[in-house]
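This report introduces one molecular structure to a reader who has not met it before. Please look at the sequence and the model first, and then follow the description below.

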Amino acid sequence: MDPICPSCGGPLRQIPEDQWPEGGPVPDGTEEMYLCDRSNHRIIVAVPEISG
């Protein structure tokens, strides 16, 4: 199953890690990043930080 943008339903394509924006808003723990082909949304998949 192809990934779908949760904001607009457009198709997502995975961005290789070497193409992530340098110095940009990439939170610690980011594992994958996707770009929506329909409306240029950026989807970040990250492991949440747990503090306790």
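A salt bridge is a side-chain nitrogen of Lys or Arg within 4 Å of a carboxyl oxygen of Asp or Glu. The model described here is predicted, and a search of the whole structure finds one such salt bridge. Its partners are arginine 13 and aspartate 37, whose side chains meet at 2.7 Å, N to O. Arginine 13 belongs to strand E1, while aspartate 37 sits in the loop between E2 and E3, so the pair ties together parts that are 24 residues apart in sequence. Arginine 13 is partly exposed, with a relative accessibility of 44%. Aspartate 37 is likewise partly exposed, at 46%.

The strands named above belong to the overall fold. The chain contains zero helices and three strands, and its pattern along the sequence is β-β-β. These strands form an open sheet in the order E1-E2-E3, with antiparallel pairing. Strands E1 and E3 are the edge strands, each pairing on one side only. On average, neighbouring strands of the sheet are turned by 30 degrees against each other, direction ignored. Strands of a sheet pair through backbone hydrogen bonds, either parallel or antiparallel.

The two pairings are set out below.

| Strand pair | Bridges | Direction | Partners of methionine 33 |
|---|---|---|---|
| E1 and E2 (residues 30-36) | four bridges | antiparallel | isoleucine 15 |
| E2 and E3 | five bridges | antiparallel | isoleucine 44 in E3 |

Methionine 33 in E2 thus has a place in both rows: isoleucine 15 stands opposite it, and isoleucine 44 is its bridge partner in E3. E2 and E3 also form a hairpin with five residues between them. In the turn of this hairpin, asparagine 40 has a positive phi of about 65 degrees.

The interior may be considered next. Of the 52 residues of the chain, 21% count as buried. The largest nonpolar core has five residues, namely Cys5, Leu12, Tyr34, Cys36 and Ile43. Which residues does cysteine 36 contact, leaving aside its neighbours within four places in sequence? They are Cys5, Cys8, Gly10, Pro11, Leu12 and His41.

Some values describe the chain as a whole. Its C-alpha trace spans about 35 × 25 × 20 Å along the principal axes. The chain exposes about 4,100 Å², of which carbon and sulfur atoms supply 48%. Among contacts between residues at least 6 apart in sequence, 28% join residues at least 24 apart.

Key. Residues are numbered from 1 along each chain as its sequence is written. This is a predicted model: local features need pLDDT of at least 70, side-chain atom pairs count only at pLDDT 80 or more; totals for chains, interfaces and linings use all residues. Side-chain values use heavy atoms; hydrogens and water are left out. Two strands pair if DSSP finds at least two bridges between them. Helices (H or I, at least four residues) and strands (E, at least two) are DSSP runs, numbered from the N terminus. Axes are lines fitted to C-alpha atoms, for helices over the stretch in contact, and angles run from 0 to 180 degrees between N-to-C directions. Buried means under 20% relative accessible area, exposed over 50%, partly exposed in between (1.4 Å probe, protein chains only). A nonpolar core is a set of buried Ala, Val, Leu, Ile, Met, Phe, Trp, Tyr and Cys residues joined through side-chain atoms within 4.5 Å. Contact means heavy atoms within 4.5 Å. Accessible areas come from the Shrake-Rupley method with a 1.4 Å probe; for residues, only the protein chains shown count as cover.
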